[in-house]
Structures are given as C-alpha cells and as structure tokens.
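Hi there,

Here is the structure I promised to pass on. Have a look at it first, and my notes on what turned up follow underneath.

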Amino acid sequence: MVKALADFFRYTISRKDTIVTVREELKNIEDYLTIQNYRFQNKFLYQREFDQEAPYMNCGMIKMMLQPIVENAIFHGLEPMIGKGTITIRIYLTTRHLRIAVKDNGIGISPENLHRLNEEILKSDHVESMEHQKHGMAPKNVNQRIHLYFGKEYGISIYSKEKVGTEVSISLPIVNEMDQYTIRGV
C-alpha cells in the first residue's frame, strides 16, 4: 500500500506531461485502487477487460483522466452498497476511436439524476451556480478536458440503472504516443 501511495503521488505531482500512455494511466489507476481497497478493507474487486500487451496500451490519453471517474465509481456507486462490489475497466479500439469504459456494479443512478448529470456534462459553459457544482463535477471536468485537447467529437457518456450499476464510456482519438498533441482552441 505504501509503494502504491508513493507511486500515485509521484505520478500526480512530478510528471509534467499532459498526454501519457494508456499503460501509464492504468498503472496509476491500479495504484489508486490499491490505496482505496486498503482504505475500504477490500470492499471491491478490480477486473481488467483489456489486453495489457495490445498496441492501444501505447496510445496517448490525458493524464489523470481516469482517476476522477474511478473515484466516483467507488464513492457514489460502491461505498454506499452493502457487500463487495466490482470495478471493471474495459478498453478496445474501433476503426477511429479508443474506447475506455469504467463500470461498477454499485447502487446506480436514478433515471432523473442520470438525465440531469448527462445534461450537465454536455453543457459547455464554465459558470454555474453553487448548487450545480455539487453534483457531477468530475465527469463534466473530464469531458471538458477531452473537448479541449481532442475536440467535441470525443467525450464521455454515462449509462446507469438503479441497483445494477453505472458505466462511464469514454471516447478518444487514437493518438500514437509519439504524436505531439496540442491543445485545441487555445
């Protein structure tokens, strides 16, 4: 746990890169999950649905993009439930996109709250009331970062069913780790 904590802090603080490889981001997520599982006394399992040797592991993605999504899965999906839960990360390529899904089998989101959350994610304005800032900030921030770096054709979608769980689906461009990616619109 101490090694995971040290590696997690080293990744979040010391690395200057904005674009990292999928492999690097997943290593950070595994460190984060180790820390949280220790904290919650092994309350959840982590399942991988991806090939750790696949070429997409070297694709570029935004640093610290997955951590807020996984954090939401733990705190809003799994922590309130009774018994053990599961977080599953699935990665695959389509012909034009890198897809990453973070799924939990937690308490889920009511249809009304899910609709409101997806609407907030799609809003492009940055000025909001304090009431709106209490809910859905992590997904909205991640979505805005994706739009900023890669364009509005990429982003996240949230699917959920109460008492079944939630899945956050992330769509990214296929970016070679050697590509120099610049911020769009800045």
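**What I found**

The accessible surface of the protein comes to about 10500 Å², and carbon and sulfur atoms account for 54% of that. Before you go further, keep in mind that this is a predicted model. Of the 186 residues in the protein, 47% are buried.

**The overall layout**

The secondary structure amounts to six helices and seven strands. If you start at the N terminus and walk along the chain, the elements come in the order α-β-α-β-β-α-β-β-α-α-α-β-β. Contacts reach a long way along the sequence, too: take those between residues at least 6 apart, and 70% of them join residues at least 24 apart.

**The sheet**

I'd look at the sheet next. Five strands make up an open sheet, in the order β2-β4-β5-β7-β6, and the pairing is mixed. At the edges sit β2 (44-49) and β6 (155-161), each of which pairs on one side only. On average, neighbouring strands here are turned by 15° against each other, if you ignore direction.

As background, strands of a sheet pair through backbone hydrogen bonds, and they can do so parallel or antiparallel.

Now for strand β5, which covers residues 97-104. How much of β5 is buried? Six of its eight residues are, so the strand is largely enclosed by the rest of the structure. On one side, β5 pairs with β4 (residues 85-93) in the antiparallel sense, over seven bridges. A hairpin of three residues makes the connection from β4 to β5. If you want a spot to check by eye, leucine 93 stands opposite leucine 98 of β5.

β5 also pairs with β7 (residues 165-173), again antiparallel, and this time eight bridges join the two strands. Leucine 98 turns up here as well, with leucine 172 in β7 as its bridge partner. Isoleucine 100 is matched in β7 by isoleucine 170.

What lies across these strands? Helix α3 (residues 67-78) does: it crosses β2, β4, β5, β6 and β7, and runs at about 150° to β4.

**Helix α2**

Helix α2 takes in residues 22-39, which makes 18 residues. From first C-alpha to last, α2 reaches 25 Å, close to the 26 Å expected at 1.5 Å a residue. Plenty of its residues are buried, among them Val22, Leu26, Ile29, Tyr32, Leu33 and Ile35. The buried set also includes Glu25, Asn28, Asp31, Gln36 and Asn37. Just past the end of α2, glutamine 41 takes a positive phi of about 55°.

**Salt bridges**

How many salt bridges does the structure hold? There are four, and here are some of them.

One is within α2: lysine 27 and aspartate 31, with their closest N and O atoms 2.8 Å apart. Why do these two sit about one helical turn from each other? Because they are four residues apart in helix α2. In general, an α-helix has 3.6 residues a turn, so residues three or four places apart point the same way. Is aspartate 31 buried or exposed? Its relative accessible area is 8%, so it counts as buried. Lysine 27 is partly exposed, at 39% relative accessibility.

Another takes us back to the sheet. Arginine 90 forms a salt bridge with glutamate 167, and the closest N and O atoms are 3.3 Å apart. This pair links distant parts of the chain, with arginine 90 in β4 and glutamate 167 in β7, 77 residues apart. Arginine 90 has a relative accessible area of 26%, so it is partly exposed. Glutamate 167 comes in at 16% relative accessibility, which makes it buried, because the cut-off is under 20%.

Then there is glutamate 120 with lysine 123, where the closest N and O atoms are 3.1 Å apart. Glutamate 120 is buried, with a relative accessible area of 8%, whereas lysine 123 is partly exposed at 37% relative accessibility.

That's everything from me for now.

Cheers

Key
Residues are numbered from 1 along each chain as its sequence is written. This is a predicted model: local features need pLDDT of at least 70, side-chain atom pairs count only at pLDDT 80 or more; totals for chains, interfaces and linings use all residues. Side-chain values use heavy atoms; hydrogens and water are left out. Buried means under 20% relative accessible area, exposed over 50%, partly exposed in between (1.4 Å probe, protein chains only). Contact means heavy atoms within 4.5 Å. Accessible areas come from the Shrake-Rupley method with a 1.4 Å probe; for residues, only the protein chains shown count as cover. The expected span of a helix is 1.5 Å times one less than its number of residues. Two strands pair if DSSP finds at least two bridges between them. Axes are lines fitted to C-alpha atoms, for helices over the stretch in contact, and angles run from 0 to 180 degrees between N-to-C directions. A salt bridge is a side-chain nitrogen of Lys or Arg within 4 Å of a carboxyl oxygen of Asp or Glu.
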